[in-house]
Amino acid sequence: MNVLHKLDPFRFERPVGVEADRSELRYVSALHQTAMPLPRQDGSVLSEDVKLLLMSKYGLKVTDSEAEDIVSMAGVPGEKWLDLPKLMAMLWIPWFLREARNAAAKGENDLQGESSLNELVERMLQIMCGSSKILSKEKFCMHLKNIGEVALAENGELVDDMLQMIGQGGGSPIEPDAFVQGLISDVQHWKTIAEDSCTTSFFDVFGTDATCFRNANTPHRFKWTGKQRPKPRIDEEDNDDVESGAESRSTPSQAQSTSTLPDCNFVSPRRPACVQTSSQIDFMNDSFRSLGFIALVFIFYLFNVGVYLSALLVVVNDAQPSCDTFSCVFTVTILNWFLIVGIVCITGLVLLGAAMLINNPRATSKRKCIASVLSSSSLTVIPFVLVQNYRSSGTVRPSLSFVSGDFYFGLMLTCLCLGGLVVLVQIFTFVELIWPAVRTRLGMREPNFQRASRCTKHACTAKVAKMVQNLRVFHSSLEMGTSEFALLANVLVKPISDEDGAGVAKGLNEQDEGRCSTNPPYVAHNVHGSTIASGSQPQVCHSVHRVLFEKDDETDNPTETKHLHNSFETNSTFDSEGHIPSPDVHNVSSFSGISESIGGFSWSWKRAFSKQHWQEEGLWFSANILLGQISQIIMLILFTIALSFATVQVANACTSKRKEVSGQPFALNFVPQAWMIKYSFIPALIVAILIGIYEVICYIPSFQSTILKMRCGLIPSLDDKRFHQNRKSADMIYSVVADMMYMMLGSMALLWFIVTACLFLLFWPLTQTLMLYLIAWGLGLTITVVARMVVQWLCRTHFIKGMYRKHVKADNIKNLSLVCWRMGTGSAGLLVRIGLLLLAVAVYMGRIDVDLLQKDLAIFDGYPRWFQVDLIVHEAHRHPFIERLATLYLYRWAYRGKSGFGNTPSACWRLIFVLTLMPWFVKDRVHALQDPIIAEVDMPVSSSKKLTGWLHRRKQSEGLKGTEELENR
C-alpha cells in the first residue's frame, strides 16, 4: 500500500498547524483582492475589494461610503483596510459566540471548565496581566506597544473604553466571562443556529433569498418559511430584539427537540438593494437552484445541437454556390464558421437560457416559470416533428441520406426523451413554487443551493475549530514562563546607540529579576521597521537562553530541546558581549511542522462520494468541471460506438475489395485482410478507451489536490507570478467545458492512431519484415542498455559515496569506458525519448489540469492555466472563509446604525486577542503609516508617464496637495 501511495501522482504531504493556517489566510487574501495587475503583498483588503465581492456574489449594490463602513468594522481608528490579523479576528467571531452561548445555555455564570475559549482566554490574561490578572492602563498600553499597536496605545479615550468594557478600572482582577463579553458584545445579531441550518448566507441575514426590491431604503419584516433544518448543535434560539442585541436562549431540552426554525417574524433593518444577476446561468458563482438540472439541460443541449444542427449545416452547405477559386473557398469557409458559431450561440441562449429560467433560486415569477416550461417543450417537440415529416416525405436529398437511417432516428428519440425529462423537472419546480411543502411531503432533500450553502458554512466552522486546536497545541508546546513568552512573542529587539531616545519600555520579567542580565539600549520595532519604543534596555532572562539554546538538564531530552531550538530564527548569533539575539517568532515551522498524507485516487473518490470534501474542507466542485466531465463521458461513448462501427465497415470493405481483385496477386498484397483490420483496430480502441477512462477519473483527484495545495501554500498564491497571471484571466472559464471534451477526444484519437499504425504495419505483409527487424534491433539494444545499467550500478556501489570517490583510479577507468559505451548505444536514448514524447503527448494532451510543456514554455499552452483559473474563480466566491467574511459584511451592511454590527472597542479586543496569542501575525499588520494603496507603486511600470498618471490619480482621490507628499508616504 505504501508503494501505491508513493506512485500515486495526486498524493502529497500537507503541512498542518498554525503556519498552514496563516498560509491559507494569505491565499484567501489573494483571492479577495482586486488590485491590478499585482495584489498587495501585505495581504490587505480594501473597501473596493469588499464592494466587488458583494456585487459579484450577491448582486448587492454597495456605495463607497458603505463599503468603507464595512471595512471599519475591524475597529482600529484611522485604518481603512483589513489586514491578515483583522481577517483572522473576524473569522473567529462566530466561534466566540458559539462557545459563549454554549456556556450560557448550560447555566454557567462564567467560563470555567475545559472549554477551548476558557483555555485561550486564561492564556491571554496570563500574558497581559501575569498571575495577578489586574490590568492597569499603563500595563495595557505597554502590552499594546509590545505587539506593535502604538497608535492604539496613544489613543487614551479608546483605551479607557476598552478597559471599562471588560470591567477594569477599580483594580479588581479580570473575570474571564467579562473579557469574553468584551469580545462579542457588538456582534450579538449573529445567529449561531444558522451555521447549521440549510439556508443561504443571504437568507440568514435578510430572512429571504429574494434579492430585488422596489424600495431598498426602508426596514422590512420578513417571515421565516419554517424550512427543514438539521438539529442545532447549540442550545439557543435567535431573538428578534435588534435594539438590545441580546438573544433569548432555550433550554437544552427545547433545543434538542427543535429541527426547524420557528415561524417567527424577523426584522431586517434594511432591504437589500440588488441588481438582476440571472443566477440560473451564473457559472462563476454557481448560484443555481439545482446542479443536476444544469447537467440534464446541458446533455439535452449537446444532443439537440449534434442531431439537428448537423442536418441544418448540410442544408446550408447545399444552398451555397460551387467555388473553383481559392478566394471563393476561403470566403465561404469563413461564412460557414461564423454561421456555425451564430447557430450554436443562439441555440444555447434560447435553449439553455430559457430552460434554466426556472432554475433560479430566487425565482418568484410564475410567468417566467411557465415560459421556461413552454420553451423547453417547443424545442423538444418542434424539431422532432419537422425532421420526422421530412423523413417520411420520400424526397430526402442524397446529402441528407443519413437522416433516413435507424441510427439517426435513435438519436432523435434520445433527444425527445431528454427533453421530456427536462420538462418534467420544470413542472415539478413550478409546482414547488406554488406549493412549497411538496418537497417535504415527498420526503425529498432540500434544493442543491441550500445544501451547498449548509456544507460551506459547516466547513468554515470545522476549519476554524481546527485553527483553535492548532493554536492550543502551539501554546501547550511552549513550556516556558509567561514573561519569556511575552518577550519572544511581542517585540523584536535591536541594539542601538544611546542617542535614540529616552526609555519607555521596562523589563518583561520581574519575577526572574535575579537571573536577568542587562542589555544595551534598545529600540523595539515592528516587522515593517517602524519604531515602537526606544530607550533603556529590557531585561532579557537567562531562562530564555536556557529554553531555546541549551539542553534541558532535568529531562535530558535532546529531541525536545532541538524542537524548541529550531522553533525560532534569530537575526544573528550571540554578540561579543553575550547578548541574546532578537528572536523571530514568526517562524513557527517546528511547532506546525507536522504534515499529513492526503490525496490520491481512492482517497479523493471516497471523499467525493461521501461528500466529506464538501462538508469538511468546503471544496466547491464547479459546474464547469461537472459539465466537462459529462461531456467527456458522452464523447467517450460516442467515440467507442463510432470506431466500433468503423472497424466493422472497414473490415467488410477490405473483404469485398479482396473478392474483386482475387485474380490479381499483386493487388492482393496491397489490400489487407479483414483480420488485419480487426486485430489492429480493436486493441487500439481498447487502449484508447482505457486512456479515456483514466483521463475522466483523474479530474476529481486533481481538482481536490490542486485546491488543497493552494490552500496550504504548497502552490504559492500571493507571491506567485503565475497566480498573478491567472487573476487577469478570470473570464477564461468559458473554455473549460469544451477544452475538457475536445482535448480528451484528441488524446484518444492520437493514441488510437499510433497503436493502430504499429499493429497494422506489423501484420501487413509489405511491412512485416521491416517491423520484425526493428523489433529485434530494439530488443537487442534494450538488453545492451540493461547490461550497461547493471555495470553502472555495481560500480556506483563500490566506487562512489555521495559526491566523492572511494577509488579514484577505478572510477576514472569506469567513466571512460561508459563514455565510449554510450557513444555506441546513444541511438537508444534517441528512440526512447521519441517514444516517451509521443506517449506523453498522447496521454497528457487530454488532461488540461496538468502542464504538458515545461513552465518556461507555458506561454504556448495556456489550457492548464485556464483550468486553474476556473478553480480560483470559484474559490474566490465559494471558499468557506470567503463565505463567512461575506456574511459578516452583510451583517454590517444590514445593521448599520445605532444598534449596528461591530464597534471599535470590541473589534480592537479581538485584534489584540489575535496578535497576543498568534504572534506570527505581527508581521502581517499594516499600520496607519503603511497605507496599503502604496503597494500598487511596486507594480511594473513600463514608462515614467504611467507612474506620473498613477500619482496624479492618487493625489486627486486622496486630496493630497502634490506628488511629493505621496512619494514621501
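**Exercise 1. Work out how exposed Glu 660 is, then describe its salt bridge.**

Step 1. Start with the number: Glu 660 has 59% relative accessibility, so it counts as exposed, the cut-off for that class being over 50%. Keep in mind that this is a predicted model.

Step 2. Now find the partner. Glu 660 pairs with Lys 657 in a salt bridge, and their closest N and O atoms are 3.6 Å apart. That passes the test for a salt bridge, which asks for within 4 Å.

Step 3. Place the pair. Helix H25 (residues 623–660) holds both Lys 657 and Glu 660, 3 residues apart, or about one turn of the helix.

Step 4. Check the partner's exposure. Lys 657 comes in at 42% relative accessibility, so it counts as partly exposed.

**Exercise 2. Look at helix H2 and trace the salt bridges of Arg 22 and Arg 26.**

Step 1. Take Arg 22. Its salt-bridge partner is Asp 924, with 2.8 Å between the closest N and O atoms.

Step 2. Ask where the two ends sit. Arg 22 is in helix H2 (residues 18–32), while Asp 924 is in the loop between helix H34 (904–917) and helix H35 (944–958); that is 902 residues apart, so the pair links distant parts of the chain.

Step 3. Buried or exposed? Arg 22 and Asp 924 are both buried.

Step 4. Move along to Arg 26, which meets Asp 719 in a salt bridge at 3.0 Å, N to O. Asp 719 lies in the loop between helix H27 (674–712) and helix H28 (721–727) and Arg 26 in helix H2, so this pair ties together parts 693 residues apart in sequence.

Step 5. Compare the two ends of that bridge. Arg 26 has 13% relative accessibility and counts as buried, whereas Asp 719, at 53%, is exposed.

Step 6. Put this in context. The structure has 27 salt bridges, and some residues join up in a network: Arg 14, Glu 24, Lys 463, Glu 596 and Glu 617.

**Exercise 3. Hunt down some backbone oddities: a cis peptide bond and two positive phi angles.**

Step 1. For the cis bond, go to Met 36 and Pro 37. The peptide bond joining them is cis, with omega about 0°. Pro 37 sits in the loop between H2 and strand S2 (45–46).

Step 2. Next up is Asp 286. This residue is not a glycine, yet its phi is positive, about 55°. Asp 286 is in the loop between strand S5 (265–268) and helix H14 (291–319), and at 5% relative accessibility it counts as buried.

Step 3. Then try Lys 611, another non-glycine residue with a positive phi, near 65°. You'll find Lys 611 in the loop between helix H23 (601–610) and helix H24 (612–615). With a relative accessible area of 30%, Lys 611 is partly exposed.

**Exercise 4. Find where nonpolar side chains gather, inside and on the surface.**

Step 1. Here's the background: in soluble globular proteins, nonpolar side chains tend to be buried together.

Step 2. Go to the largest nonpolar core. This core has 90 residues, and those with the most contacts inside it are Trp 92, Met 128, Phe 140, Phe 179, Tyr 889, Trp 909 and Ile 912. Helix H33 (residues 880–894) gives the largest share of it, 10 residues.

Step 3. Zoom in on Phe 140. Leaving aside residues up to four places away in sequence, Phe 140 touches Met 128, Leu 135, Val 159, Met 162, Leu 163, Trp 909 and Ile 912.

Step 4. Look for a second core. Apart from the largest one lies another, of 38 residues, including Phe 288, Leu 351, Tyr 408 and Ile 630.

Step 5. Now the surface. Leu 421, Leu 424, Ile 427, Val 431, Ile 434 and Trp 435 make a nonpolar patch of about 560 Å². One of them, Ile 427, is in helix H17 (residues 406–434) and is partly exposed at 40% relative accessible area.

**Exercise 5. Sum up the whole protein in a few numbers.**

Step 1. Count the secondary structure: 36 helices and 15 strands.

Step 2. Check burial: 48% of the 969 residues count as buried.

Step 3. Look at contacts between residues at least 6 apart in sequence: 77% of them join residues at least 24 apart.

Step 4. Finish with the accessible surface, about 46,600 Å², of which carbon and sulfur atoms account for 61%.

Definitions and conventions: Residues are numbered from 1 along each chain as its sequence is written. This is a predicted model: local features need pLDDT of at least 70, side-chain atom pairs count only at pLDDT 80 or more; totals for chains, interfaces and linings use all residues. Side-chain values use heavy atoms; hydrogens and water are left out. A salt bridge is a side-chain nitrogen of Lys or Arg within 4 Å of a carboxyl oxygen of Asp or Glu. Helices (H or I, at least four residues) and strands (E, at least two) are DSSP runs, numbered from the N terminus. Buried means under 20% relative accessible area, exposed over 50%, partly exposed in between (1.4 Å probe, protein chains only). Patches are made of residues with over 30% relative accessible area and no salt bridge: like charges are joined within 9 Å, nonpolar side chains (Val, Leu, Ile, Met, Phe, Trp, Tyr) within 5 Å. Accessible areas come from the Shrake-Rupley method with a 1.4 Å probe; for residues, only the protein chains shown count as cover. Contact means heavy atoms within 4.5 Å. A nonpolar core is a set of buried Ala, Val, Leu, Ile, Met, Phe, Trp, Tyr and Cys residues joined through side-chain atoms within 4.5 Å.
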